[in-house]
Amino acid sequence: MVVALTVLMKNVPKQMGQYLGEVLGPVWQTLTTSAETYVNTTVNAREDADDPVDSDGEVLGFENLVFTIFEFVHALVETTKHKQLVRRGVADLVYFLLLYMQMTEDQIENWSNNPDAFVEDEDEDSFAYSVRISAQDLLLELAEECGQGLVVAVGRHLERAAGQRAAGDPAWWKTHEAVMLALGSVRDLILDQVAKGQLQFDVTHFIQSVVLADLDPNLSPFLAGRALWCGSRFGQAVTEEMLDRFLQATVSALNHSPSPIIRVSGVRAVWGFCDYLKGSGRPGALQAYLPAILDGLVNLATQASSEVLSLILETCCTVVSVDASFTAANVGRISTLCLAVFIKANNDPVLVALVQDVVRELCASPACSTTLQTKFIPTLASILNASTDKVPPGMQAVALDMLEVMVRSSTPPLGEQLVIAYRDAEGRSGLEYVVQVATQLLSPATSEHTATFVGRLITALIRHTGDHLGDNLDLLLRAVLSKLQGAESLTVVQNLVLVYAQLVHSQLEGVLTFLAGVPGPSGQSALHFVLTQWCSKQHLFFGAYEEKVSAVALAKLLEHGVTANDTRLQGIIVQGDQVSVCVYLPSCSFTGPGLYARVAPSPYLHLSNFPLKLCTLVADTTSSLNCSKSQHIFAGNYIF
């Protein structure tokens, strides 16, 4: 029934308005009365759940009912007209949401035995789904409406927890944990509204009286872990003394706690404190704790599985960006950890990406890059030089990606002088190796898709090392021409044509002379072949930068052809394309202001002279690049 009401609310909210008075009462009663049942049967497992069974014999878990009610409230909140109905009772609603946000006994058992599941389920981007997560999602949806209502609900729950604790209820800590989860989840909104005077809540007092007191691991590892996380979320609301207490507790959690839950929570807290203190210009507050933090992260990483390891690497990426001198002094340990993870988990794209993030941070520091390269380069070279049957499938591609990250991130990047100056044992330069790679990718014997990105490489080679290429420049341009002859994919054709387009910008006469002196595949010059390919595909080129490079190169060719009366261009005949031009023809007729009733067939003019074709291509490309300024004027169709 609630599912049907939710569908109606989402699809016909206006018509549902007249019935809401009759609907909200029963739905609210179901939500509130179900909370006690949920806490007793699921959260604390003190009663057996009496789950109903559907007509197919499937057990309908109690959670399904809660999900459907939350979906109904979501629908109300998403409808502007009905949002005010939720706003009126938001304090009571949030109170019950916090009940549903409590950890269940099943979750506690699962997370205690499987820290990976704890990391995955409690991540804010988790794909897992539960009543706890669903209640948290609804709270986030209500965030802008529930500021003071949340504070009121928090006060009620703290009183409730105090009563539970006084009565000897061992589950009292779950209430505190849910309260800290709720407040930490909407941290930005709370701090913003408090700063603007829109919310009456003493955050510092809450941290002092509740969060710091809950750091005691003897109460519950989950409660102590949540307190660490909550403290890191509200770093700007704590005093210097309180900050030191939190940092000491965090370091102790990382290095001395026997509980994996507390250690994982310590990793999360490290990330939060580093992110806040670095962003607020106070990284010095962490300086005394960084050695112990790094020790804890490295030691935990040696025994962690995938999800926990991902969290550690993500945190390491933030830690190494806090203090450059500390990072430089410890780059050996950090790079050793990264290399070990890379080798062990090279088939895990998430872990590899996180290692790359740490490597980027290290490469950006000149004080770290040399040590990092000393650690990584021999291993990467060994992987790349190994035969394919000696390394796991795909490992060489991953190694190449890592090498690219190191080259691109280093300061300064790998320059042309280093490539030119390098010599192997046989005296071959780095430039010769690069040219060899490019020609291999351009070989007609390989798939055309090997040349998909080679154009950028060749353009960079010509731009940065053109004076040192010698005969290799002619070799590369001939290889591009050969590959272009067999290319059919638009992506490959564009990539190769842009090599000549870039040369038109920088070496117009040189590229024309080269192409005019080389025979094409049909007996005419290579210049005729390249320009024919270029003109036939120009209107299909994609990418803002690529379109502009090509259009400006065509404009330069047009200018050169007209001013120099270059016979090499004048004599080229290209195939025409049908394009629309802004020309009024007598055959056009109007009905009403500015509207064409029809466009009568216009005469076709076959203008295939290359410079004239350039006029239309440049005009057409310029128009498409400035489409916001174009006018919809229908006119005759010409073939140029």
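Where do Asp 474 and Arg 478 lie, and how many residues apart are they? Both belong to helix H27, which covers residues 471-486, and they are four residues apart, about one turn of the helix. Before I go on, let me state that this is a predicted model.

I shall stay with that pair for a moment. Asp 474 and Arg 478 form a salt bridge whose closest N and O atoms are 2.7 Å apart. Asp 474 has a relative accessible area of 32%, so the residue is classed as partly exposed. Arg 478 is also partly exposed, because its relative accessible area is 41%.

This pair is one of 16 salt bridges in the structure. Two further examples deserve attention.

The next one joins Glu 122 to Arg 226, with the closest N and O atoms 2.5 Å apart. Here distant parts of the chain are linked: Glu 122 sits in helix H8, residues 115-122, and Arg 226 in helix H14, residues 221-233, with their positions 104 residues apart in sequence. Are these two partners buried or exposed? Glu 122 has a relative accessible area of 17%, and the limit for a buried residue is under 20%, so Glu 122 is buried. Arg 226, at 10% relative accessibility, also counts as buried.

The last example of the three is the salt bridge between the side chains of Glu 509 and Arg 568, at 3.1 Å from N to O. This pair, too, links distant parts of the chain, with Glu 509 in helix H29 (residues 508-516) and Arg 568 in helix H32 (residues 567-570), 59 residues apart. Glu 509 is partly exposed, its relative accessible area being 42%. Arg 568 is partly exposed as well, with a value of 26%. Returning to Glu 122, salt bridges with shared partners join Glu 122, Arg 132, Glu 177 and Arg 226 into one network.

I turn now to helix packing. Two packed helices are described by the angle between their axes and the distance between the axes. Helix H17, residues 290-301, will serve as the reference.

With helix H15, residues 240-256, the axis of H17 comes within 8 Å and crosses at roughly 30°. This crossing is left-handed. From H15 the contact draws on Val 251, Leu 254 and Asn 255, and from H17 on Ala 292, Ile 293, Asp 295, Gly 296 and Leu 297. By class, that contact comprises five nonpolar, two polar and one charged residues.

How does H17 pack with helix H18, and at what angle? H18 covers residues 306-319, and the two helices pack at about 155° with their axes 10 Å apart. Angles over 145 degrees count as roughly antiparallel, so H17 is roughly antiparallel to H18. The crossing of H17 and H18 is left-handed. H17 contributes Leu 290, Ile 293, Leu 297, Leu 300 and Ala 301, while H18 contributes Leu 309, Ile 312, Thr 315, Cys 316 and Val 319. The residues of this contact divide into nine nonpolar, one polar and no charged. Ile 293 and Leu 297 of H17 therefore appear in the contact with H15 as well as in the one with H18.

I close with a single residue, His 528, whose place is in helix H30, residues 526-537. His 528 is buried, because its relative accessible area is 16%. Leaving aside neighbours within four places in sequence, His 528 is in contact with Ile 572 and Ile 573.

Note on methods: Residues numbered from 1 in each chain as written. Predicted model: local features only at pLDDT ≥ 70, side-chain atom pairs only at ≥ 80, totals over all residues. Heavy atoms only, no water. Axes fitted to C-alpha atoms, helices over the stretch in contact; angles between N-to-C directions. Left-handed = near helix turned anticlockwise from the far one by under 90°. Contact = heavy atoms within 4.5 Å. Nonpolar A, V, L, I, M, F, W, Y, C, P; charged D, E, K, R; others polar. Buried < 20%, exposed > 50% of the residue type's maximum accessible area, 1.4 Å probe, protein only. Parallel < 35°, antiparallel > 145°, perpendicular 65-115°, else oblique. Salt bridge = Lys/Arg side-chain N within 4 Å of Asp/Glu carboxyl O.
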